[in-house]
Amino acid sequence: MFSETIDLIERMLRSCTGEEDALLVDGGDHADIASTVAFALAKKQKKAPALIAAELALEIRARPEMEGITVSAVGPYLNFVFGGDYLARSVAEARRPGYGTLSKKHERVLLEHTSANPNGPLHVGHIRNTIIGDTLARAFRKAGYPLEIQYYLNDMGRQIAIVVWGLETLGISPEPDEKGDHFIARVYIQANREIENDPSINDSIERLMQQIERGEKKAEQEFRKAVDTCIDGIKTTLLDLNVVHDRFVRESTFLRIGDMQRVLDRLSRLDEAENDGELFSINLSEYGFEKKYILRRKDGTSVYAARDLAYHIWKAANYDRIIDVLGADHKLIGAQLSATLKLLGEKAPEILHFEFVSLPEGSMSTRAGKFISADELIAEVIIRAFEEVTKRRPELSEEERQRIARSVAIGAIRYDIARVSPEKSTVFDWKQALDFERQSAPYIQYAHARASSILSKAGAFADVYEYDDPHEIALAKAIARFPKVLETVISDLRPHLLATYIRDLADLFNTFYRFVPVLKAEGRSLDSRLCLVDATKNTLSEALETLGIDALESM
């Protein structure tokens with residue numbers, strides 16, 4: 001209802017003013033929405049903005065379409081306050097299954113996220129990419145977009161060559177029940193130690209890279225085996241976080257099918273192409289880059305960037321909107337990629353960069369062997385969540401407490417990461433993330449469980465939508481904004497806005513519960529409030545699902 005009402009107001013303002021932009025702003029405490037269009041008209045009409053606002057308020061109020069919306073001029077501002085009919089329709093709409101789902105779109109969207117190198121398990125830094133990407137993907141799907149989610153597999157780079165050498169040479173075997181990604185990490189870490197002690201091993205690594213580039217079958221088999229072992233473990237971690245990719249795309253594909261060579265051939269004909277006998281690169285100085293964009297080494301082997309260009313040209317040929325989620329350490333690489341694609345006349349991706357997440361314990365590094373894996377983090381947070389659930393609900397069976405604890409733990413991890421704007425760095429603190437009293441995932445899940453409990457106790461009730469208490473009105477208006485929040489998340493690629501919205505909605509519901517009697521109410525007041533509780537529960541459920549968090553019926 002919020003989006004439709006805003007559209008109506010914009011149409012009215014355009015009709016009355018002739019201005020294309022209605023200049024709508026947040027109305028703050030005084031209105032649901034306001035317009036500053038009087039300022040824009042003041043110069044043209046040579047009148048005071050306050051006088052223009054007063055005249056517009058009279059004209060807009062007279063329009064029959066604006067029935068139920070209070071229009072007033074406060075100085076130079078036009079204020080709009082939505083009335084009882086808006087509240088009734090908003091609450092009724094919010095009770096429907098799938099609330100917030102927008103109309104189907106035709107624009108095909110490709111979203112690539114996580115894409116961590118398959119040389120070890122995901123760590124906390126990786127899963128910020130994962131959670132941002134998956135939250136965006138869920139929002140796009142809820143908004144009606146045909147979407148494919150991809151993981152780009154670096155299956156032929158130097159890091160994988162090191163793993164292959166380690167598997168062939170070091171005689172390391174998996175431990176019983178050891179996940180494949182953790183096994184590969186052990187191999188990779190030990191292989192790096194061997195290389196540090198004996199740099200001549202680098203010759204063997206280079207030979208492996210040349211063999212995979214030439215498409216030698218044995219090398220292809222060994223590289224695939226190493227990558228598949230690792231990625232199987234990574235997929236398990238992703239599933240634990242409620243994340244699924246539609247497709248895992250191997251970068252070697254673009255070498256095998258000739259796409260990479262075709263891109264290099266096109267680039268070689270550009271004035272910006274440079275080949276000094278050592279390296280083939282692109283001079284991007286006109287785009288402000290001092291470093292050359294290297295694409296091929298002296299020995300003829302290509303670098304990651306060459307395959308990445310081919311991948312993105314393939315993306316552009318098959319999808320309308322292309323989105324990459326990348327860490328802040330990829331800003332230079334991402335900018336060079338985009339600049340080179342523009343030189344070729346190809347579409348560059350939208351890149352959502354995020355800053356790093358860390359733990360109070362310190363930094364994470366796969367190469368040095370000093371990292372805290374996502375698996376370890378998940379296990380630790382589940383243990384902490386189980387302790388908290390046991391403290392609060394000791395009467396439940398252990399199986400039920402474990403089930404709730406897992407949902408609470410995964411919700412805590414996902415929400416604590418999603419709630420922070422991507423461009424800000426953050427520290428994951430499990431104590432804060434699991435705090436049932438703070439504005440965290442358990443706090444929001446508990447609001448949903450509270451609504452479920454109220455409805456369970458109430459039994460059947462009639463469809464009545466009459467609201468005059470300020471707490472009722474504030475809650476109903478917040479519920480109505482959910483579809484608009486989704487639209488903004490998608491248009492601006494800002495998943496944290498959804499996390500902020502659902503936290504505020506849980507706050508408003510808890511305030512409503514504290515000050516407005518529900519089950520003790522009678523007659524039409526009881527029915528109206530139960531409808532509002534039902535709408536709140538459904539909105540919380542839909543928003544939690546979009547965040548990849550379980551909406552629990554009891555906690």
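The following paragraphs go through the structure from the whole chain down to single residues.

The model is predicted, so local features are described where pLDDT is at least 70, side-chain atom pairs count only at pLDDT 80 or more, and totals for chains, interfaces and linings use all residues. Residues are numbered from 1 along each chain as its sequence is written, and side-chain values use heavy atoms, leaving out hydrogens and water.

We begin with the chain as a whole. Its C-alpha atoms fill a box of roughly 80 × 70 × 35 Å, taken along the principal axes. The chain has 21 helices and 14 strands. Helices (H or I, at least four residues) and strands (E, at least two) are DSSP runs, numbered from the N terminus. Of the 555 residues, 52% count as buried. Here buried means under 20% relative accessible area, exposed means over 50%, and partly exposed lies in between, with a 1.4 Å probe and protein chains only. The exposed surface of the chain is about 24,800 Å², and carbon and sulfur atoms supply 48% of it. Such areas come from the Shrake-Rupley method with a 1.4 Å probe; for residues, only the protein chains shown count as cover.

Contact means heavy atoms within 4.5 Å. Among the contacts in the chain with a separation of 6 or more, 74% are between residues 24 or more positions apart. The chain carries 72 positive and 87 negative charges, and the mean positions of the two groups are 1 Å apart. In this count Lys and Arg are positive and Asp and Glu negative, while His and the chain ends are not counted. The place of a charge is taken as NZ of Lys, CZ of Arg, CG of Asp or CD of Glu.

Next come the sheets. Strands of a sheet pair through backbone hydrogen bonds, either parallel or antiparallel. Two strands are taken to pair if DSSP finds at least two bridges between them. One open sheet has four strands in the order β1-β2-β4-β3, with antiparallel pairing. Its edge strands, each pairing on one side only, are β1 (24-26) and β3 (69-74). On average, neighbouring strands of this sheet are turned by 30° against each other, direction ignored. Axes are lines fitted to C-alpha atoms, for helices over the stretch in contact, and angles run from 0 to 180 degrees between N-to-C directions.

Within this sheet, β2 (residues 33-35) and β4 (residues 77-82) run antiparallel and are joined by three bridges. Ser35 has Leu78 in β4 as its bridge partner. Helix α3 (residues 49-61) packs on the sheet and touches β3 and β4; its direction makes about 165° with that of β3. Helix α1 (residues 2-17) lies across β1, β2, β3 and β4, and runs at about 145° to β4.

A second open sheet has five strands in the order β7-β6-β5-β11-β12, with parallel pairing. Here the edge strands are β7 (247-250) and β12 (350-354), each of which pairs on one side only. The average turn between neighbouring strands of this sheet is 25°, direction ignored. Strand β5 (residues 109-112) is joined to β6 by four bridges, and the two run parallel. One pair here is Leu111 with its bridge partner Ile149 in β6. Four bridges also join β5 to β11 (residues 321-327), again in parallel. Glu112 stands opposite Asp324 in β11.

Why is strand β6 (residues 147-153) described as largely enclosed by the rest of the structure? Seven of its seven residues are buried, so the rest of the structure largely encloses β6. In a regular strand the side chains alternate between the two faces of the sheet. In β6, Leu147, Ile149, Tyr151 and Leu153 are buried on one side, and Glu148, Gln150 and Tyr152 on the other.

Three single residues complete the tour. His448 lies in helix α17 (residues 441-458) and is buried, because its relative accessibility is 1%. Leaving aside neighbours within four places in sequence, its contacts include Lys537, Leu540 and Glu553. Trp314, in helix α12 (residues 304-318), counts as partly exposed at 22% relative accessibility. Not counting residues up to four places away in sequence, Trp314 touches Gln150, Arg247, Phe254 and Tyr319. Asp276 lies in the loop between β8 (273-275) and β9 (280-282), and is exposed, with a relative accessible area of 55%. Asp276 and Lys298 are 22 residues apart along the chain, and their C-alpha atoms are separated by 9.3 Å.
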